[in-house]
Amino acid sequence: MANKGWDEFEIGAMLRSFDGKIDECSAFTPQRDRNYSQNNSHVASVADWRLIKPVFNKDYCIDCQFCWIYCPDVSIISRDKKLIGVDMDHCKGCGICVEVCPTNPKSLLMFPEQADEETELANWPAKDEEK
Amino acid sequence: MAFDKMELRDIEVWDGNHAAAQALRQAQVDVLAAYPITPSTPIVEGYAKFKSDNYVEGEFVMVESEHAAMSGCIGAAAAGGRVATATSSQGLALMVETLYQASGMRLPIVLNIVNRALAAPLNVNGDHSDMYLCRDSGWIQFDAFSPQEAYDLNFIAFKVSEDHDVRLPAIVNQDGFITSHTAQGVHTMADDDAYNFVGEYKPMNDMLDFENPVTHGVQTEEDWHFEHKARQHNDMMTKVSPKIEEAFSDFEKLTGRKYNQVECYDMDDADVAVVCMGTSVETAREVAGEMRAKGLKAGVVGLRVVRPFPFAEIGNVLKDIKAVAALDRSAPGGAAGVLFNEIAGSLFNTDSKMLLSGYIYGLGGRDLLKSHLVDLFNELQANADAGKVLTQQQQFIGVRGPKLAYL
């Protein structure tokens, strides 16, 4: 965002979500096609304090959409009811997606922020056998 | 849903609380969120009764605290409605955090404060401690000296506060009990005239505008906070005062009642003057008249607009006065009184030779007696004659025990 002076912005520390008006069809416009304003956190990373991150393993995912429903930051990216990944610019690393994942082994697991995704996927835990 | 209009006599016998409640009814407030506290309760209670009797169609939200009351007002104002509430003293103290939110978010809200002392010791009577508590909160502040003015200033407060060049919340102060519970004749406006003066609410950046979604109540850190506060202060300093003058002028055209940011009584040829607020103004005017009969050129200045402080106006009024007393009705807590400081500030670095002394009086509803003011005017005249302040700069009046004087 440009470093505007005190006289160059709208009053009230009020931020507009979109550039220009939206109409009633906006709800059906895919996120990527919406006219988000530069003030909208859609285009900003608000995840730089995340300490642990979810890693998605599509081999086990059953596309139940539980993670998509429960994610408090709308950070699960789902297209045509298929989970395709996690929006790492908005995910805060809360771990709720992992908690609600019903598969065995889980299709999402939390790892330290610095962990290498390929390595973790290669070492994914095996199915937890019921005793 | 349609609501009924109320037939009013030209002059009604109202106390300050009822006058304020009637003004909120006539302004057709959309949302009033409130929590009761003495002595302001009858304002919101009165509004609630108007609602029950179908004289208003707004929402009355009963909340669990004054903090919640102002929070509700903030939400409703951000949503895009005309909003008001009332409180006093401890309730205001609990509300203060949200006052700063309202002004920073540039939301027009009208808050009636029925001035009352702050505990401890617990006290329900009038002084200006609560008024002073929110002096830096970024709210416009008016002061009513009588029920008539409590009625009139509410309309002016809505008009100024809701102006799109202003968009700052406004407080209307009145003295606890002496104004709020003392019935006097109040000249009324017809419902239509009163509403037309305030005008239809014009939303700005409202959350109910679904075509233009906005986020209110954002966070800014060291990168943006200063710029927003600077803008807020700039608008308070440059945009509010002309709008107040405009509203005062329009109001005079409608009602014949003329208000000024600084009210002057017998000031044209005065040698000595008292500056005060609230009901003390009337007492001081009466005493000034009596002092004039004794040959002392006494005048009185009543501060109608507390924020933005009318530096230029008060400086102009006082610059040629020989001796002036600033009367502060609040425990100063280790400093000179607020009025003393503001008046001193308005004439510092000028050629004025005005002698200024500060008086602390009337805490917790202690009466300001005419005899106090007689002594005070004589003290001012002695200062004027001597060409210097003969007493210490801060004195307490009306308190029992050994004389208290400082500075």
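The following dialogue explains how terms are applied to a predicted model.

Guide: Residues are numbered from 1 along each chain as its sequence is written, and chains are lettered from A in the order in which they are written. In this predicted model, local features need pLDDT of at least 70, side-chain atom pairs count only at pLDDT 80 or more, and totals for chains, interfaces and linings use all residues.

Visitor: Why is strand S12 of chain B called mostly covered?

Guide: A residue is buried if 20 or more other C-beta atoms, placed from the backbone, lie within 10 Å of its own. In S12(B), residues 298–303, 6 of 6 residues are buried, so the strand is called mostly covered. A strand here is a DSSP run of E with at least two residues.

Visitor: What makes S10(B) and S12(B) a pair?

Guide: Two strands pair if DSSP finds at least two bridges between them. S10(B), residues 262–265, and S12(B) share 4 bridges in the antiparallel sense, and therefore they count as paired. Within this pair, Cys264(B) stands opposite Val301(B).

Visitor: How do you know that S11(B) and S12(B) pair?

Guide: S11(B), residues 272–276, and S12(B) are joined in the parallel sense by 5 bridges, so the requirement for pairing is met. The bridge partner of Val274(B) in S12(B) is Val300(B).

Visitor: Why is the crossover from S11(B) to S12(B) called right-handed?

Guide: The term applies if, with the strands pointing away from the viewer, the path from the first strand over the helix to the second runs clockwise. The chain passes from S11(B) through helix H10(B), residues 280–293, to S12(B), and this β-α-β crossover is right-handed.

How values were computed. A residue is buried if 20 or more other C-beta atoms lie within 10 Å of its own, exposed if 12 or fewer, and partly exposed in between; C-beta atoms are placed from the backbone.
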